[in-house]
Amino acid sequence: MKDAAPRPILLSEYRAPDWRVEALELDFDLDPDATRVQSRLRVRRTAEAAPDAPLRLHGRDLERLRLEVNGVAPAGEALVEDAEGLLLHGLPDAAEIVIETRVHPAANTALEGLYASGGNLCTQCEPEGFRRITYFPDRPDVLTRYTVRLEADAARYPVLLANGNRVAAGALAGGRHYAVWEDPFPKPSYLFALVAGDLACRSQRFVTRSGREVALEVYVEHHNQDRCDHALASLARAMRYDEEAFGREYDLDVYMIVAVDDFNMGAMENKGLNLFNAKYVLASPDSATDDDYVHIESVIAHEYFHNWSGNRVTCRDWFQLSLKEGLTVFRDQEFTTDCTLFGVKRIDDVQRLRAFQFPEDAGPLAHPVRPDRYTEINNFYTLTVYEKGAEVIRMLRTLIGREAFRQGLDLYFERFDGQAVTTDDFVAVMAEAAGRDLSLFQRWYRQAGTPRVRARSAFDAAAGELRIDLHQHTPPTPGEADKQPLHIPLRMALLGGDGAALSGRLGAAPEAREWVLELTGAEQSFRLTGLREAPVAISWLRGFSAPVLLDAGQDATELAYIATFDDDAFTRWDAMQELLRRAVIARVQGAGDTSQDDPGQRADTGQSHTGQSHTGQSHTGQSHTGERHTDEGHTEPADPAQGGYGQRSTDTTGTGQADTALETLIREAMAALLQNTVEPVVLATLLELPAHRELLEAFEHADPVAVYAARQAVERAVFGPLADSLLQQQAALAGVDDGAFTATAMGSRRLLNRILALRVALEAPGAVVDAARQYQQARSQTLRMGALEALNDADTRQRTELLAEFEQHNRNDALVLDKWFGLEAGSQIPGGLERLERLLEHPGFRWSNPNRVRAVLGPFMAHNHRHFHQADGAGYQQIAGYLERLDALNPQTAAALARPLTRWRRLDPVRSARMREALERLAARDGLSRDLADVIQRALADS
Ligand code: PHE
Ligand code: ZN
């Protein structure tokens, strides 16, 4: 049953719970068709509550078999049933409540609450799934101790798991058995979990730094037993890292991870019993790519880190979601940076932020890191809450310094252990540790939108001084017309004639080679003194020190200098991205501006992020689909979103004239990089063009097909003449298929795949044959997929044959078959809409499996520009039809996948109207879920 027009939940209406739950006993009689749940809660009215305050028990789609208060069924006015569940009136100050419900796991396709996946039973409770299991105060600020008894058929479900430690188990009559689990740590209901199944267990021991032994256990289907090593090793690495980098130790005797085939998100941090989307657990060189390995490691780490940032200290209410998610993403980013990817991690993260979060923050679904209202909380597991939330934490560290930050974190975990708190509490602790007033900084949590920062500078040679003028401005977002200035840390350096950083002083601080400018007002000036030479280039926003759109007015020569010499990997990459972005924009506009030599002041071709010119016209843009977060929330962003720059209002009907001078300059810089001894992994990132979805953001109204064509044209113009040196590089990389999971080895494979894809795109002689050979000879999935991806838009015999081979070979391997579905759906070769239809008729396609559905719809919307954005709107209509169908089964996944359709305002007039029609048609349907209806309503709303 679907909900009708619900009212929004407001942060301002938060009230502390009137009742505490002192203990909870749950008893499950498990059966896929009908499971009986008995719940026994001891409740006590709080001292602050009104004497007649009723007890709210949430419940959804429950069959109630029994309800007793102190042994008596409440009658008459004592029991009120409403849309949220039950209200118990007239209770004594303390009571024991017994509730029996019946639920139907096999029929639960929403995958929230208790459901069946494969032959197993499992739960997903965050954020509000527990109320689909039993009546309970299902809110994160009600914490209690759980004792859970599970009973099931012993043959069908030999493994019975719940949170905490197993305290009893045994056989029962009739082929049944039971297990009792006790979790010593009080927790909110969203962290409850159980699993019943026929699963293999791979395990390893871990000794914590204080000498406690912990069993690490990974549970998977029997045939996947040989794909768990990487997950186990990742878990042990994450546990060690949390001890060393954050001083956090594990607290139970066992840590369990269960891989589940049907899962809405990436993974879930239930106390001691993580549930994982199987794609973030299972890996072998033969099945998983390097990217898969890295994602698995980071999701495992993310969920592990939640044990402190999320579980020991949890959220007071769901507006505070970023308290745990932003902090935990920050922690997992640090882990991957220090242990696996080093400098490239920051580049990957920023790329993702720009491609997905910036568009979200510029579109109809924009919201603050700490939202103050929601209609459906499921729709707030966003890039903003997760990734921008992590950026906010990172900025805090930049502002107060590593040492104070670490002290603040220690204080946070110590002071709030066992409590449910707010982002204000977090910032207050940091302010205390740093001895600084951070009240201005709080605006990052409260205000949506990506700030534009404009930076200009003037060097006074006689005085040895650089004057810097900064200006900030945040365009309006829905419901928030007026924006206030934010506290922005801008890390910068000056590069001298030999490429090295110059030293100088900022204010009274000692001489340094890098400075953090703290911009707090709308406009502010700074002075760097004691400079012995004129800077040749300014390295702005080093390490991407703040999630802003920067307009530094740099000319192409200065950017090329940075791309060649900067020692900050991010800034270096970013300079090259900016050059390429300008070249694509020039092609789209047909402007052909060539004013490279005009430093600073160009309102023209280049710089997209002009802080000031923003008209604040329309907000749209898009965001990720899928799991977080989809995706790092873990799943990957399966969808098209774009990144966000400025607002050029332009008609983008074709690929205009090239800015040949700019393209030549980029080509020369690339040629030098290819000859140089740049590390392969760095080179691989430098050879990437800005993502299509990020480029779209540069236009007020974009024709996605034209932007795609312009991007291709720039790629050809820049790299076409470099085909020979690309080939040389490719040859030099033979032998990288060695299976090593190191940054160097993975970087080399990434470079090899990038070069192969470039050569195929350039139609370089022999490239298609090389790709086919790479596929045939590959020992790793990384090179196999690299070859298929390179060929995927090339309408060739090789593509047809290899994809067919790949499908046949992997028909029974769900995770690998998902890759095949994604390739077919994302391919721009002719006939995309028919191919999409046929994919849904493939015997392996299942509407009930989120991974499979995402594997098809995600890449179609993200990569298949030609067909998704077909000018007649057929692509939009087809997707809308699928979403309606999916929504009837799985609202959360449908709502996530609908996000690409919300960017209609930012498309060219024809497509804009077509996409809007598709949305409106969907909006007119009866019985849409609250999840999907909420996304569509916000997408169509006036502001
Ligand atoms: N809390 C999970 C994470 O970030 C994400 C999640 C949310 C999973 C909701 C399931 C449901 O790791
Ligand atoms: Zn998380």
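**Notebook: zinc site, ligand 1 and cysteines**

I traced the donors of the zinc ion (ligand 2) along the chain and found the spacing H-x3-H-x18-E. I note at the outset that this is a predicted model.

**Entry 1. Zinc ion**

Next I looked up which atoms coordinate the zinc ion (ligand 2). The donors are NE2 of His302, NE2 of His306 and OE of Glu325, and their distances run from 1.9 to 2.1 Å. I then placed two of these residues in the fold. His306 sits in the loop between α2 (290-305) and β21 (314-315), whereas Glu325 belongs to helix α3 (residues 321-341). The two are 19 residues apart, and the pair thus links distant parts of the chain. Are His306 and Glu325 buried or exposed? I find both His306 and Glu325 buried.

**Entry 2. Surroundings of ligand 1**

I turned to ligand 1 and listed its neighbours. There are 13 residues around ligand 1, and those that come nearest are Glu126, Glu269, Glu303, Glu325 and Tyr386. Glu325 therefore enters my notes twice: it is a donor to the zinc ion (ligand 2), and it is among the nearest residues to ligand 1.

I sorted the shell around ligand 1 by residue class and obtained 5 nonpolar, 3 polar and 5 charged residues. Which elements supply at least two residues each to this shell? I recorded β19 (267-268), α2 and α3.

**Entry 3. Polar contacts and cover of ligand 1**

I looked up the distances from oxygen atoms of ligand 1 to polar atoms of the protein. For Glu303, a side-chain N or O atom is 2.6 Å from an oxygen atom of ligand 1. For His302, also a zinc donor, the distance from a side-chain N or O atom to an oxygen atom of ligand 1 is 3.3 Å. At Ala267 the partner is a polar backbone atom, 3.5 Å from an oxygen atom of ligand 1. I then checked the cover: ligand 1 taken alone exposes 320 Å², of which the protein buries 99%.

**Entry 4. Cysteines**

How many disulfides does a search of the whole structure find? I recorded 0 disulfides. Cys122 is in no disulfide, and the nearest cysteine sulfur, that of Cys125, is 10 Å away. For Cys122 the relative accessibility is 2%, so I class this residue as buried. Cys125 is likewise in no disulfide, its nearest cysteine sulfur being that of Cys122 at 10 Å. With a relative accessible area of 0%, Cys125 is buried.

Definitions and conventions
Residues are numbered from 1 along each chain as its sequence is written. Chains are lettered from A and ligands numbered from 1 in the order in which they are written. This is a predicted model: local features need pLDDT of at least 70, side-chain atom pairs count only at pLDDT 80 or more; totals for chains, interfaces and linings use all residues. Side-chain values use heavy atoms; hydrogens and water are left out. Donors are N, O and S atoms within 2.8 Å of the metal (3.2 Å for Na, K and Ca); water is not among the atoms, so sites may look incomplete. Helices (H or I, at least four residues) and strands (E, at least two) are DSSP runs, numbered from the N terminus. Buried means under 20% relative accessible area, exposed over 50%, partly exposed in between (1.4 Å probe, protein chains only). A disulfide is a pair of cysteine sulfur atoms within 2.5 Å. A residue is near a molecule or strand if one of its heavy atoms lies within 4 Å of it. A polar contact is a pair of N or O atoms within 3.5 Å; within protein, one must be able to donate a hydrogen and the other to accept it, and residues adjacent in sequence count only if both atoms are side-chain atoms. Accessible areas come from the Shrake-Rupley method with a 1.4 Å probe; for residues, only the protein chains shown count as cover. Ala, Val, Leu, Ile, Met, Phe, Trp, Tyr, Cys and Pro count as nonpolar, Asp, Glu, Lys and Arg as charged, and the others, Gly among them, as polar.
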